[in-house]
Amino acid sequence: MRTYYLRSFGCQMNEHDAERIRYALEAEGLAPVPAPDEADVLVYNTCTVRRSADDRIAGHLSEAARLKREDPARVVLVTGCLPQSGPGAFFRRFPFVDGALGPQNLHRLPELLRAAVEPAGQAGGPSGRPGFFEDGPDLSGELPGRRARPFQAWVQVMSGCSNFCSYCIVPYVRGPERSRDAAAILAEVQALAADGVREVTLLGQNVNAYGLDLRRAGRGDALDFASLLRLLDAEGGVSRLRFMTSHPKDLCDDLVAVVAELPTVCEHVHLPLQSGSDTVLAAMRRAYTADAFLERVAALRAAVPDISVTTDLIAGFPGESEADFAATLEVVRAARFEGAFTFVYSAREGTAAAALPEQVPEDVRRERVERLIDLTQELALAANRRWVGRRAEILVEGPSRHGDGLRGRTRQNVTVNFTGCAQPGTIVEVEIEAATSTTLRGRTARS
Ligand code: SAH
Ligand code: SF4
Ligand code: F3S
């Protein structure tokens, strides 16, 4: 039997695509192996959101090139956002790659694999190599996957993004916002529940815009996101529903009410702020002000006890002054985020921001991101410490990483390591005894 090695990078959407890639490769008769040098087929599912992602992948691909020199019969395939961002440049930089395709053409992976193992010259594509980059309907939402985790699953509700934030490559590589049919989403969630899944995370670049494209296309009966959550809460059959990512400009009161009211919807909203300066937010084309953002956070905190609000932040966007950055620190403090992903701004070719004058020097960007990391860790630690001495509801995921107990996750999406007796896949109460900025520790509660 032939074997494959798969390595995936980037966001949850890409992790979920990796599950579909595994399914497709295994349907073609390939068996997984844990190391690239054991594999006949090497697949890299890539991300290109920042330069650092490209550099990391280039390192892995140079290893693939070496393995292919050792054994030219090896096949190297690249999927995901990197080849889609510029197929010509991609094949010039990595000429040994046998085939590549972008996230909107994932359904053609079996075709790409077969073309790559056939003699050269059989398939078309950029540089005469197999590779399919034409825009197609995104069918990936409907593709079957091989789930990585037994009790938790991702369900894609939308693909693409139509926001074109000025720094971001995602709309170029993932195509426009397209929503899946609510009936198909419900059927998928019900099937997962029947297969033992307790927790489903709904995925989209901007889930709050769910259904808008369907309505614009004349489907007047299409559900909006809050109504989709109501449907899944009532009929989906899982214990926990999560969703990400929310765009602050589209977080409406109805959604706040749904998070507050529906028993299965977890008390966690990932709400990327990016910057706290109105000048920078406008240049980023985020379509909200710092005050409007803080008002949305206040609405969530007022309506939903114990809600966790996490965020994404970018340091060193072009033109960001020290005063702009100070405004970000101030808004971050005011929002009291429970967690944050902090990024150094990275110019992406083809995006509007890459062409702006006044790129901030690299050392200034780094120094600012360090200050953001310090502040957001301080806030996360304070937030987690509030749980010490209280009980939290945990979905048990399995043994803890260090093997000395169990591991699970709160409704607020915080990892908990704990002692006591509990079966993976069950939901238990845990007495929280200690906190760090990223995890909690405790023991199962005696009821
Ligand atoms: N759709 C999601 C996130 C997409 S990318 C959203 O809109 O929130 C994840 C995060 O990467 C973004 O929130 C942003 O903080 C960061 N990011 C995107 N492009 C970037 C760039 N060019 N440089 C640095 N960070 C970037
Ligand atoms: Fe990128 Fe903005 Fe779309 Fe998020 S909303 S994926 S940051 S363009
Ligand atoms: Fe990266 Fe593509 Fe996701 S660029 S962040 S893998 S959408």
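**Exercise 1. Describe how ligand 1 is held by the protein.**

A nitrogen atom of ligand 1 is 3.0 Å from a polar backbone atom of Tyr167, which fits a polar contact (a pair of N or O atoms within 3.5 Å; within protein, one must be able to donate a hydrogen and the other to accept it, and residues adjacent in sequence count only if both atoms are side-chain atoms). This is a predicted model, in which local features need pLDDT of at least 70 and side-chain atom pairs count only at pLDDT 80 or more, while totals for chains, interfaces and linings use all residues. Residues are numbered from 1 along each chain as its sequence is written, chains are lettered from A and ligands numbered from 1 in the order in which they are written, and side-chain values use heavy atoms, with hydrogens and water left out.

Continue with the other polar pairs: a polar backbone atom of Ser346 lies 2.8 Å from a nitrogen atom of ligand 1, and a polar side-chain atom of Arg50 is 3.0 Å from an oxygen atom of the ligand. The protein covers 90% of the 540 Å² of accessible area that ligand 1 has on its own (Shrake-Rupley method with a 1.4 Å probe; for residues, only the protein chains shown count as cover).

Then turn to the shell (residues with a heavy atom within 4 Å). Of its 15 residues, Gln205, Pro272, Gln274, Asp312 and Ser346 come nearest to ligand 1. The shell divides into 7 nonpolar, 4 polar and 4 charged residues, where Ala, Val, Leu, Ile, Met, Phe, Trp, Tyr, Cys and Pro count as nonpolar, Asp, Glu, Lys and Arg as charged, and the others, Gly among them, as polar. β13 (308-315) and β14 each supply at least two residues of this shell; strands are DSSP runs (E, at least two residues) and helices likewise (H or I, at least four), numbered from the N terminus.

**Exercise 2. Characterise the shells of ligands 2 and 3.**

Begin with ligand 2, whose surroundings include Cys161, Cys165, Cys168, Tyr167 and Arg286; the shell divides into 7 nonpolar, 3 polar and 1 charged.

For ligand 3, the surrounding residues include Cys11, Cys47, Cys81, Thr48 and Arg174, and the division is 5 nonpolar, 3 polar and 1 charged. Gln205 is listed around ligand 2 and around ligand 3.

**Exercise 3. Why is Cys252 not in a disulfide?**

The sulfur of Cys252 is 17 Å from the closest cysteine sulfur, in Cys161, and is therefore too far for a bond, given that a disulfide is a pair of cysteine sulfur atoms within 2.5 Å. A search of the whole structure finds 0 disulfides.

As for accessibility, Cys252 counts as partly exposed because its relative accessibility is 37%, whereas Cys165 counts as buried at 9% (buried is under 20% relative accessible area, exposed over 50%, partly exposed in between, with a 1.4 Å probe and protein chains only).

**Exercise 4. Place Arg348 and Gly276 in their surroundings.**

Arg348 sits in the loop between β14 (339-344) and α14 (362-385) and is buried, with a relative accessible area of 7%. Its side chain reaches the backbone oxygen of Thr48 at 2.9 Å and makes a polar contact with the side chain of Asp54 at 3.2 Å.

Gly276 lies in the loop between β12 (268-270) and α11 (278-284) and is buried, at 6%. Leaving aside neighbours within four places in sequence, Gly276 is in contact (heavy atoms within 4.5 Å) with Ala290, Ala327, Thr328 and Val331. The C-alpha atoms of Gly276 and Ala327 are separated by 5.3 Å, although the two residues are 51 residues apart along the chain.
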